[in-house]
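Subject: Handover of a structure and notes on its contacts

Dear colleague,

Please find below the structure that I am handing over to you. My notes on it follow directly after.

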Amino acid sequence: WSFQLGWIMRPDDANVAGNVHGGTILKMIEEAGAIISTRHCNSQNGERCVAALARVERTDFLSPMCIGEVAHVSAEITYTSKHSVEVQVNVMSENILTGAKKLTNKATLWYVPLSLKNVDKVLEVPPVVYSRQEQEEEGRKRYEAQKLERMETKWRNGDIVQPVLNPEPNTVSYSQSSLIHLVGPSDCTLHGFVHGGVTMKLMDEVAGIVAARHCKTNIVTASVDAINFHDKIRKGCVITISGRMTFTSNKSMEIEVLVDADPVVDSSQKRYRAASAFFTYVSLSQEGRSLPVPQLVPETEDEKKRFEEGKGRYLQMKAKRQGHTEPQP
């Protein structure tokens, strides 16, 4: 299965720096993934379903996309387990004046099929046919790895972001930010729960506010670590999207974003953690050049612990990138 979509980027898609908003690109990626996985899950006779986003693997923003360019989003199913679908999505930008194209994003997403009769019921996924036996084995390894990490992340993200009065510059409290949003019909699928792309765009907006408050310059999304969707968000919920700085290197900032849902129209349900992720931002000059980032000053023991964990993720990814770029003997 493969699928392609195209959008022209308009002025209302821009961020402050004038390029396409990272959240807009994430939303396009999710829409393409949702379409292809829903089509696949309904390809056989049986109970009808809609594919819901469960996780987005790390995605790097390889190149900025400009207003006026056309975004070409292609999606392909690369693996299926009994209850989930792995989708690989690539985003290309096209300058329609010159015809020049470039790869801007690559992402891997995981979806689960939910019954239209009962959205709390996960259905079985029709299997895909692999051209090589190794493809299935490699896919199974990726499936097991993401499943384990999702469980670990769900237990790790039990805390909340608390406001602090009169915080000092360069501290976690100084730049931490929250956005409160009432989930309306335009945010939701036909079945009354929020599109994953809507949630990701809101998460990116909050992360961008945190980054801008910290360094007071133009900022852009450099990458998104795995986004985990722990539970569905239904229409009528009030969601709180909270962001806090966890780590800074010389030229990048890691921001943790947490999404909590409060089902205000249903008194039988308590507030719950719906999604979590780490975003990486870089600081840019007016000319678009990379700038040094003010170093974060962790104050509490929890902040120091999160800083060291962020440093570990940064060094691990740096080593991985260097391993890919080193010439082969």
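A residue counts as exposed when its relative accessible area is over 50%, as buried when that value is under 20%, and as partly exposed in between. By this rule D120 is exposed, because its relative accessible area is 52%. Please keep in mind throughout that the model is predicted.

**Domains and their interface**

The domain assignment divides the chain into domain 1, residues 1-150, and domain 2, residues 170-322. Their centres, taken over C-alpha atoms, are 20 Å apart. To the contact between them, domain 1 contributes 27 residues and domain 2 contributes 27 residues. About 2300 Å² of area is buried between domain 1 and domain 2, and carbon and sulfur atoms give 59% of this area.

Polar interactions also cross this interface. The rule finds 12 residue pairs in polar contact between domain 1 and domain 2, both residues of each pair being at pLDDT 80 or more. On the side of domain 1 that touches domain 2, at least two residues each are supplied by α1 (22-41), β2 (49-56), β3 (59-61) and α2 (133-156). The residues of that side comprise 12 nonpolar, six polar and nine charged ones. Two salt bridges are found across the interface of domain 1 and domain 2.

**Salt bridges**

The count of salt bridges comes to 15. I describe several of them here.

In the salt bridge between E124 and K82, the closest N and O atoms are 3.8 Å apart. E124 lies in the loop between β6 (101-115) and α2, while K82 lies in the loop between β4 (70-80) and β5 (85-94), so the pair ties together parts that are 42 residues apart in sequence. E124 is exposed, with a relative accessible area of 53%.

D120, introduced above, forms a salt bridge with R234, and the closest N and O atoms of this pair are 3.0 Å apart. This pair links distant parts of the chain: D120 is in the loop between β6 and α2, and R234 is in the loop between β9 (227-229) and β10 (238-248), 114 residues apart. Whereas D120 is exposed at 52% relative accessible area, R234 is partly exposed at 31%.

A salt bridge within a helix is formed by R140 and E136, which both lie in α2, four residues apart, or about one turn of the helix. The closest N and O atoms of R140 and E136 are 3.5 Å apart. R140 is partly exposed, with a relative accessible area of 37%, and E136 is likewise partly exposed, with a value of 27%.

In addition, R55, E57 and E149 are linked in a network of salt bridges.

**The surroundings of S177**

Is S177 buried or exposed? S177 has a relative accessible area of 6%, and since buried means under 20%, S177 is buried. S177 is found in strand β7, which covers residues 177-182. The side chain of S177 takes part in two polar interactions: one reaches the backbone oxygen of S175 at 2.9 Å, and another joins the side chains of S177 and R213 at 2.7 Å. Neighbours within four places in sequence set aside, S177 is in contact with V206, I209, V210, R213, I241, S242 and G243. R213 thus appears both in this contact list and as a polar partner of S177.

**Backbone points to check**

Two residues other than glycine with a positive phi may be of interest for your review.

- N170 has a phi near 70 degrees. The place of N170 is in the loop between α2 and α3 (172-175), and N170 is partly exposed, with a relative accessible area of 26%.
- K216 has a phi near 55 degrees. K216 is found in the loop between α4 (196-215) and β8 (218-224), and K216 is exposed, with a relative accessible area of 58%.

With kind regards

Conventions: Residues are numbered from 1 along each chain as its sequence is written. Side-chain values use heavy atoms; hydrogens and water are left out. Domain bounds come from an automatic or database domain assignment. Contact means heavy atoms within 4.5 Å. Buried area is the accessible area (1.4 Å probe) that two parts lose on being put together, summed over both. A salt bridge is a side-chain nitrogen of Lys or Arg within 4 Å of a carboxyl oxygen of Asp or Glu. A polar contact is a pair of N or O atoms within 3.5 Å; within protein, one must be able to donate a hydrogen and the other to accept it, and residues adjacent in sequence count only if both atoms are side-chain atoms. Ala, Val, Leu, Ile, Met, Phe, Trp, Tyr, Cys and Pro count as nonpolar, Asp, Glu, Lys and Arg as charged, and the others, Gly among them, as polar. Buried means under 20% relative accessible area, exposed over 50%, partly exposed in between (1.4 Å probe, protein chains only).
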